[in-house]
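Here are a few notes to read with the structure open beside you. Take them one at a time and find each spot as you go.

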Amino acid sequence: VSTQSTWDMDDEVFRAALVLHAGEMKWPPPKKPQDASPQAPAPSHSTAAVAEKEENPLWRDFSNALLVTAGLGGVVVLGVATPAPFIISFTTFTLACVVGYQVVSSVDPALHSPLMSVTNAVSGSVIVGGLLLSGGGLIPTTPPQILAAAAVFLASVNIFGGFCVTQRMLNMFRREGDPEEYNILWAIPATLFTAGFVTAHMYGLTAVDQLAYLVGAGFCIAALAALGAKPTARMGNALGMCGVFIGTSATIISLTGLIPIATFGQIALLMVAGGGLGLGIASIVDVQELPQLVAAFHSSVGLAAVLVSFASFLMEAGSFGASPIGMIQKIAIYFGTVIGGVTFTGSIVAFCKLQGIMGSGALSLPGRDVINSVGALGLVGLFGLYMTETAMMPGLLELSTAVTISFFMGWHMTDSIGGADMPVVVTVLNSYSGWALVSEGFLLQNNMLLIVGALIGASGAILTHIMCKAMNRSLPAVIMGGYGTASSGTGEKMAIEGTHTETNVDELVEALVQSQSVIIVPGYGLAVAHAQYAVAELTKTLLANGVKVRFAIHPVAGRMPGQLNVLLAEASVPYDIVFEMDEINADFDSTDVALVIGANDTVNSAAMNDPNSPIAGMPVLHVWKAKQAVVLKRSLGSGYAGVDNPVFFMPNCSMLFGDAKANCDALRAKVTEHYSK
């Protein structure tokens with residue numbers, strides 16, 4: 001071939017036919033390089049079997065048809081075995097669960113803390129039961145009336161305090177330049193509707209009672225839907241207030257002519273006292289203490305549910321046999337008592353652990369699982385005795401024993417859970433408070449309580465699922481105080497090799513200002529140290545000087561879902577640079593510095609590399625993949641899971657020991673000084 005040839009030397013056909021070029025032997029042609037991409041492993045026998053099973057459409061569709069048939073059969077049995085009023089209530093409850101799932105699942109993860117707070121406030125609708133059982137004039141005189149009065153007071157604390165806390169959280173997400181909001185105007189339709197309802201009731205049109213409850217529940221549904229996005233979240237809190245206001249007003253008006261006029265004064269005093277206490281507490285609590293405040297408010301809902309259940313039993317014990325829904329009401333009383341009891345003491349323990357009053361370690365009594373099993377069996381046995389008992393005093397004794405066991409179970413199960421699992425505990429308790437409301441709804445045949453309770457229960461259940469998935473833990477393992485993840489092996493943990501490298505503020509400042517991309521990973525240590533303000537100022541300075549700064553939030557960072565988002569929002573960190581784990585994990589490879597502040601378990605590479613680690617399989621943030629990772633901690637100590645972190649000993653990782661706030665303040669000052677030169 002001539003040297004002047006214009007043949008394409010990279011053409012495969014031409015290259016295979018070429019023998020000699022410019023006097024140089026060119027045959028045989030070079031082998032084509034193999035594709036460097038990894039080959040998919042050959043499927044194992046088990047994988048092939050699964051694939052073959054999944055590819056069988058007949059078996060798949062037949063299985064689904066059998067499941068649906070079984071479900072429909074259960075519906076038929078339920079319709080035959082239960083009275084018509086229960087079916088109506090059950091239909092409302094079921095539809096509300098579906099709506100709740102659809103609404104809550106679309107909420108922005110950054111707003112999970114406000115979501116929990118607003119559902120906690122709405123769960124104060126338990127006040128409806130207390131109001132309907134009120135009586136005695138200005139001062140309650142009978143045991144049921146005293147119990148009802150206490151429930152009204154506790155529910156008022158929860159309503160006013162819960163909405164105040166939610167508003168404080170949501171105000172933190174407001175930024176300069178955001179359009180003005182006039183959410184107070186939502187009071188106009190709520191007030192006008194209530195006025196119309198009162199007028200109709202005065203003319204004897206009592207059929208509007210249930211309509212008012214439906215409207216109140218509709219406002220609560222709209223509240224959760226509005227919480228799905230930051231621009232409408234504050235409107236959601238206002239809608240929630242309107243919903244509870246309408247439901248509470250409808251209940252009070254429905255009592256006209258049924259209770260002494262002086263009793264309305266009793267109700268007003270209780271609501272003012274409880275509401276004032278709730279507002280006072282919610283207004284002064286530090287933002288770092290919001291998780292424990294939510295837990296404390298959960299306890300008031302649980303206790304109020306117990307009080308309403310006992311008051312209802314004392315007033316209705318003699319009429320269960322004569323009422324067509326008497327047995328349904330009796331069941332609702334028992335479940336409201338048990339669920340409320342577990343919620344009450346469980347929330348108190350969660351509050352004490354989060355507040356530091358109790359140690360964060362898990363209680364491990366001898367025979368812990370046996371104790372829980374005996375308690376559960378005891379509740380089942382008492383339920384059978386209670387349902388077959390017709391006399392009031394034996395039934396009251398059985399109910400009292402059941403609530404005592406539930407108080408113990410709430411304490412023991414929660415105290416047996418370590419601090420690392422507190423986010424799951426808080427969401428579970430949130431869900432419990434909803435199911436307690438559902439029980440009260442069946443008891444009183446009240447649509448608002450059924451709908452609102454289903455919303456809260458679904459909300460807590462969805463958040464619990466998210467938390468468990470983020471830790472690769474099963475809910476039973478968390479609730480029963482289990483240790484390890486679903487993927488943990490039984491062998492010996494991988495030994496950590498190497499030594500850690502320490503750095504100082506000056507070296508870290510140099511790394512930050514030389515970077516093009518920085519990802520900051522905050523943990524609970526940032527909240528404890530109150531370091532979010534210094535971090536926000538540091539971020540602002542770096543952004544102003546061309547450094548790309550973003551935040552990576554793990555779903556279980558902090559002590560309740562979304563807590564770190566709220567803290568960063570309070571410090572005015574722009575929420576468009578705050579990302580969830582799944583959104584940003586792939587970007588660590590192209591990041592110059594990963595700055596970890598007060599986080600440990602959520603950045604532990606053992607979750608991926610050590611199959612025998614207690615946190616094996618837990619999704620974590622891949623900070624070690626950055627060019628340089630710097631961890632701000634007080635020591636090399638393990639996190640709440642008690643697992644050493646290999647990342648601290650990696651060659652590209654440095655440790656900056658000391659108080660997080662002091663170090664962040666120093667970083668902020670020296671970075672500012674660097675750019676001011």
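1. A quick bit of vocabulary before we start: a helix here is a DSSP run (H or I) of at least four residues, and helices are numbered from the N terminus. With that in hand, you can place leucine 185: it sits in the loop between α7 (143-171) and α8 (187-202). Do keep in mind that you're looking at a predicted model.

2. Stay around that loop for a moment. Leu185 belongs to a nonpolar patch on the surface, together with Tyr182, Ile184, Ile188 and Leu192. Taken together, the five have about 600 Å² of accessible area.

3. Now for a hollow. Rolling a probe the size of a water molecule over the atoms shows where empty space is left. The second largest pocket has a volume of about 450 Å³, and 22 residues line it. To find its centre, look for Pro109, His112, Ile466, Pro555 and Asp582, which lie nearest to it.

4. Which helix gives the largest share of that lining? It's α17, with 6 residues. The helices α4 (84-104), α17 (447-471) and α23 (581-584) each supply at least two. Sorted by class, the lining has 13 nonpolar, 6 polar and 3 charged residues.

5. On to charges. Side chains of opposite charge can pair when their charged atoms come close. The whole structure has 11 salt bridges. Three residues, Arg174, Glu181 and Arg234, are even linked in a network of them.

6. My pick for a careful look is the salt bridge between aspartate 108 and lysine 230, with the closest N and O atoms 2.8 Å apart. This pair links distant parts of the chain: aspartate 108 is in the loop between α4 and α5 (112-122), while lysine 230 is in helix α10 (residues 230-254), 122 residues away. Is lysine 230 buried or exposed? It counts as buried because its relative accessible area is 14%, and the cut-off for buried is under 20%. Aspartate 108 has 22%, so it is partly exposed.

7. For a pair within one helix, try lysine 661 and aspartate 665, whose side chains meet in a salt bridge (3.0 Å, N to O). Both lie in helix α25 (residues 660-676), 4 residues apart, which is about one turn of the helix. Lysine 661 is partly exposed at 34% relative accessible area, and aspartate 665 is partly exposed at 23%.

8. Last one: arginine 60 forms a salt bridge with aspartate 61, with 3.1 Å between the closest N and O atoms. Arginine 60 has 44% relative accessibility, so it counts as partly exposed. Aspartate 61, at 42%, is partly exposed too.

Note on methods. Residues are numbered from 1 along each chain as its sequence is written. This is a predicted model: local features need pLDDT of at least 70, side-chain atom pairs count only at pLDDT 80 or more; totals for chains, interfaces and linings use all residues. Side-chain values use heavy atoms; hydrogens and water are left out. On a 1 Å grid over the protein atoms alone, a cavity is a set of points where a 1.4 Å probe fits but cannot get out, and a pocket is an open set with protein on both sides within 12 Å along at least five of seven lines; lining residues have an atom within 4 Å of a point. Grid points are joined across faces, edges and corners, and a volume is the space filled by probe spheres set on the points. Ala, Val, Leu, Ile, Met, Phe, Trp, Tyr, Cys and Pro count as nonpolar, Asp, Glu, Lys and Arg as charged, and the others, Gly among them, as polar. Patches are made of residues with over 30% relative accessible area and no salt bridge: like charges are joined within 9 Å, nonpolar side chains (Val, Leu, Ile, Met, Phe, Trp, Tyr) within 5 Å. Accessible areas come from the Shrake-Rupley method with a 1.4 Å probe; for residues, only the protein chains shown count as cover. A salt bridge is a side-chain nitrogen of Lys or Arg within 4 Å of a carboxyl oxygen of Asp or Glu. Buried means under 20% relative accessible area, exposed over 50%, partly exposed in between (1.4 Å probe, protein chains only).
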